[in-house]
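Grab the model and work through these exercises at your own pace. Each one sets a task and then walks through a solution.

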Amino acid sequence: MCKILKTYHEACQNSESREAFEEAAMHEAKARLKKADARNGFNSEAEVKAYLRNSEEADLIERSYWATEASEDNYAQSQNPHIAPETSFELLVGSYIQEEIARVLDEVVSEMVEAENAQTEQRLGR
């Protein structure tokens with residue numbers, strides 16, 4: 001990781017530096033998620049989703065809710081002008097990680113609901 005010289009608040013004063021800050025944070029978030037998935041034995045997002053499909057739909061919805069809340073909280077904190085640049089960056093990375101977790105969970109829930117709807121329609125002969 002490169003040395004972070006500005007806070008996210010400072011980076012947002014210029015569209016180019018904001019984009020660079022956000023891109024670096026997103027890159028770091030994806031790299032960390034990929035490492036975490038590998039540590040947990042998953043080689044792809046498809047494998048993560050397959051594993052999650054064994055969970056209860058309500059549990060996935062709750063986990064997505066809390067990931068979204070954490071993402072929003074980290075994002076708001078990352079904009080604090082009075083924190084260290086590294087802290088600001090880490091908070092934005094955390095926001096993106098939680099956002100990505102919520103996205104995957106939401107996609108799995110959507111797939112589960114679609115499958116349930118298809119089974120219902122099939123039973124009803126539609």
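Helices here are DSSP runs of H or I with at least four residues, numbered from the N terminus. By that naming, Ser95 lies in helix α5. Keep in mind throughout that this is a predicted model.

**Exercise 1. Place Ser95: is this residue buried or exposed, and which residues does Ser95 touch beyond four places in sequence?**

Step 1. The cut-off for buried is under 20% relative accessible area. Ser95 has 1%, so Ser95 counts as buried.

Step 2. Now look for partners, skipping residues up to four places away in sequence. Ser95 touches Ser71, Asn74 and Tyr75.

**Exercise 2. Count the aromatic pairs, then classify the one formed by Tyr8 and Tyr75.**

Step 1. Rings pair if their centres lie within 6.5 Å, and planes over 60 degrees apart count as edge-to-face. By this rule you should end up with 5 aromatic pairs.

Step 2. For Tyr8 and Tyr75, the ring centres are 5.8 Å apart and the planes sit at 70°, so call this pair edge-to-face.

Step 3. What does the pair tie together? Tyr8 belongs to helix α1 (residues 8-11) and Tyr75 to helix α4 (residues 57-78), so the pair links parts that are 67 residues apart in sequence.

Step 4. Check the surroundings of each ring. Tyr8 is at 0% relative accessibility and counts as buried, whereas Tyr75, at 28%, counts as partly exposed.

Step 5. Try another pair, Phe42 and Tyr51: the centres are 5.5 Å apart with 55° between the planes, and this pair is tilted. Phe42 is buried, with a relative accessible area of 17%, while Tyr51 is exposed at 52%.

Step 6. Finally, see how rings group. Tyr8 and Tyr75 join Phe21 and Phe89 in one aromatic cluster.

**Exercise 3. Work out what surrounds Thr7 and Ser78.**

Step 1. Start with Thr7, which sits in the segment before α1. Its relative accessibility is 2%, so Thr7 counts as buried.

Step 2. Leave out residues up to four places away in sequence, and Thr7 touches Phe21, Ile83, Ala84, Pro85 and Ser88.

Step 3. Move to Ser78, in helix α4. Ser78 is buried too, with a relative accessible area of 0%.

Step 4. With the same sequence neighbours set aside, Ser78 touches Tyr8, His9, Ile83, Ser88, Leu91 and Leu92. Ile83 and Ser88 turn up in the contacts of Thr7 and of Ser78.

Step 5. Add two C-alpha distances. Thr7 and Tyr75 are 12 Å apart in space and 68 residues apart in sequence. Glu10 and Asn80, 70 residues apart along the chain, have C-alpha atoms separated by 9.5 Å. Glu10 itself is in helix α1 and is partly exposed, with a relative accessible area of 38%.

**Exercise 4. Find the largest nonpolar core and say which elements build it.**

Step 1. Here's the background: in soluble globular proteins, nonpolar side chains tend to be buried together.

Step 2. The largest nonpolar core has 12 residues in all: Ile4, Tyr8, Ala11, Phe21, Ala25, Ala29, Leu33, Phe89, Leu92, Val93, Tyr96 and Ile97.

Step 3. Helices α1, α2 and α5 are the elements giving two or more residues to this core. The largest share, 5 residues, comes from α5.

Step 4. Zoom in on Ala25. Apart from neighbours within four places in sequence, Ala25 is in contact with Phe89, Leu92, Val93 and Tyr96.

Step 5. Don't stop there: a second, separate core of 9 residues includes Val48, Leu52, Val108 and Val109.

**Exercise 5. Describe the largest pocket: how much space does it hold, and what lines it?**

Step 1. Rolling a probe the size of a water molecule over the atoms shows where empty space is left. The largest pocket holds about 480 Å³.

Step 2. Its lining has 18 residues, and the closest to the centre are Leu33, Asp37, Val48, Ile101 and Val104.

Step 3. Sort the lining by element. Two or more residues come from each of α2 (15-39), α3 (45-52) and α5 (85-123), and α2 gives the most, with 5 residues.

Step 4. Now sort by chemistry: the lining divides into 9 nonpolar, 3 polar and 6 charged residues.

Step 5. Cross-check with Exercise 4. Leu33 is one of the residues closest to the pocket centre and also part of the largest nonpolar core, while Val48, likewise among those closest, belongs to the second core.

Definitions and conventions:
Residues are numbered from 1 along each chain as its sequence is written. This is a predicted model: local features need pLDDT of at least 70, side-chain atom pairs count only at pLDDT 80 or more; totals for chains, interfaces and linings use all residues. Side-chain values use heavy atoms; hydrogens and water are left out. Rings of Phe, Tyr and Trp (its six-membered ring) pair if their centres lie within 6.5 Å; planes under 30 degrees apart count as stacked, over 60 as edge-to-face and the rest as tilted. Buried means under 20% relative accessible area, exposed over 50%, partly exposed in between (1.4 Å probe, protein chains only). Contact means heavy atoms within 4.5 Å. On a 1 Å grid over the protein atoms alone, a cavity is a set of points where a 1.4 Å probe fits but cannot get out, and a pocket is an open set with protein on both sides within 12 Å along at least five of seven lines; lining residues have an atom within 4 Å of a point. Grid points are joined across faces, edges and corners, and a volume is the space filled by probe spheres set on the points. Ala, Val, Leu, Ile, Met, Phe, Trp, Tyr, Cys and Pro count as nonpolar, Asp, Glu, Lys and Arg as charged, and the others, Gly among them, as polar. A nonpolar core is a set of buried Ala, Val, Leu, Ile, Met, Phe, Trp, Tyr and Cys residues joined through side-chain atoms within 4.5 Å.
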